[in-house]
Amino acid sequence: MGGKLEELKRLEAEVSGCRKCGLWKSRTRAVFGSGSLQPRLMLVGEAPGSQEDREGLPFVGAAGRLLTSLLLSAGLRREEVYITNVVKCRPPGNRTPLPEETEACRPYLEGQVRILEPGLVVALGRVAASVLLGRPVVVAREHGRRTGCRFAGRSFSLFLTYHPAAGLYSGGNRSSLEEDFRKLGRLLRARPRTPSCPLSPPS
Ligand code: URA
């Protein structure tokens with residue numbers, strides 16, 4: 001556990017001084033990620049918004065509050081998961097990150113996946129799903145499903161859903177998001193938790 005914390009801290013320090021794309025010029029703080037070092041799952045969003053940029057934490061604005069309640073509907077508390085974004089600095093005006101920005105930031109997400117070794121990752125929206133799967137994703141076609149994913153030399157299950165911001169607007173995808181997170185909850189209940197400390201050594 002100590003090793004993971006040290007490794008994450010080292011990576012976070014790198015991210016806070018990163019100048020690999022132009023986003024460093026307008027950031028207040030880079031947003032590395034937060035949560036459990038032994039997460040029941042990892043959630044990957046797109047990029048920080050204005051409140052995240054000010055606080056240095058992921059999903060603390062309006063979309064974050066919705067995410068917290070969606071997680072609760074799946075039987076998860078935020079402390080049990082790890083939350084991060086594909087891009088660690090806020091794009092001006094909350095625009096979608098450019099391909100060169102997601103590419104520049106990819107090694108940081110790869111590092112987080114290598115360190116935390118999640119068995120299950122939830123992609124929040126098109127940008128996260130496309131980066132993790134390495135192909136264009138139409139979320140409307142693939143949401144609510146789990147698929148195998150290989151990223152950063154690791155294999156894990158990837159669950160696809162909409163970005164929580166899509167549930168904030170009327171006419172948005174709130175009911176699909178709610179249904180997806182209920183499905184995620186069922187999936188987790190069907191999956192035994194990985195014990196943090198095995199009760200007996202493997203035979
Ligand atoms: N949207 C994201 O994709 N990530 C955040 O951290 C906040 C809003």
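At 43% relative accessibility, Arg186 counts as partly exposed (buried is under 20% relative accessible area, exposed over 50%, partly exposed in between, using a 1.4 Å probe and protein chains only). Before the exercises, some ground rules: this is a predicted model, where local features need pLDDT of at least 70 and side-chain atom pairs count only at pLDDT 80 or more, while totals for chains, interfaces and linings use all residues. Residues are numbered from 1 along each chain as its sequence is written, and side-chain values use heavy atoms, with hydrogens and water left out.

**Exercise 1. Salt bridges**

Find the salt-bridge partner of Glu179, then work through the pairs made by Arg40 and Glu110.

*Step 1.* Fix the rule: a salt bridge is a side-chain nitrogen of Lys or Arg within 4 Å of a carboxyl oxygen of Asp or Glu. Applied here, the rule gives eleven salt bridges.

*Step 2.* Start with Glu179. Its partner is Arg186, with the closest N and O atoms 3.5 Å apart. Glu179 is partly exposed too, at 30% relative accessible area.

*Step 3.* Move on to Arg40. It bridges to Glu80, and here the closest N and O atoms sit 3.7 Å apart. This pair ties together distant parts of the chain, 40 residues apart: Arg40 is in the loop between strand S1 (34-35) and strand S2 (42-45), and Glu80 is in the loop between helix H3 (62-73) and strand S3 (82-85). (Helices, H or I with at least four residues, and strands, E with at least two, are DSSP runs numbered from the N terminus.) Arg40 is partly exposed at 21%, whereas Glu80 is buried at 13%.

*Step 4.* Now Glu110. It pairs with Arg106, closest N and O atoms 3.3 Å apart. Both residues are in helix H4 (residues 99-116), four residues apart, or about one turn of the helix. Glu110 is buried at 17%, and Arg106 is partly exposed at 22%.

**Exercise 2. The sheet**

In what order do the six strands line up, and which ones are the edge strands?

*Step 1.* Pairing criterion: two strands pair if DSSP finds at least two bridges between them. The result is an open sheet with mixed pairing, ordered S1-S3-S2-S4-S6-S5. S1 and S5 are the edge strands, each pairing on one side only.

*Step 2.* Look at S2. It runs parallel to S3, with four bridges joining them, and Gly45 stands opposite Asn85 in S3. S2 also runs parallel to strand S4 (residues 120-124), this time with three bridges. Leu43 has Val122 of S4 as its bridge partner.

*Step 3.* Check the side chains. In a regular strand they alternate between the two faces of the sheet. In S2, Met42 and Val44 point one way, Leu43 and Gly45 the other, and all are buried.

*Step 4.* Finish with S5 (residues 145-151) and S6 (residues 154-161), which pair in the antiparallel sense over seven bridges. Arg150 stands opposite Ser155 in S6, and Phe151 opposite Arg154. This hairpin has two residues between its strands, and Ala152 takes a positive phi near 55°.

**Exercise 3. The ligand site**

Which residues surround the ligand, and which of its atoms lie within reach of polar protein atoms?

*Step 1.* List the shell, taking a residue as near if one of its heavy atoms lies within 4 Å of the molecule. That gives Gly45, Glu46, Ala47, Pro48, Gly49, Glu52, Pro58, Phe59, Asn85 and His163.

*Step 2.* Pick out the polar contacts (pairs of N or O atoms within 3.5 Å; within protein, one must be able to donate a hydrogen and the other to accept it, and residues adjacent in sequence count only if both atoms are side-chain atoms). A backbone N or O atom of Glu46 is 2.8 Å from a ligand oxygen. A polar backbone atom of Ala47 lies 3.0 Å from a ligand nitrogen. From the side chain of Asn85, an N or O atom comes to 2.7 Å from a ligand nitrogen.

*Step 3.* Work out the cover. On its own the ligand has 240 Å² of accessible area, and the protein covers 92% of that (Shrake-Rupley method, 1.4 Å probe; for residues, only the protein chains shown count as cover).

**Exercise 4. A residue in H6**

Is Glu142 buried or exposed, and which side chain does it contact?

*Step 1.* Glu142 is found in helix H6 (residues 139-142). At 18% relative accessibility, Glu142 counts as buried.

*Step 2.* Its side chain makes a polar contact of 3.0 Å with the side chain of Arg135.
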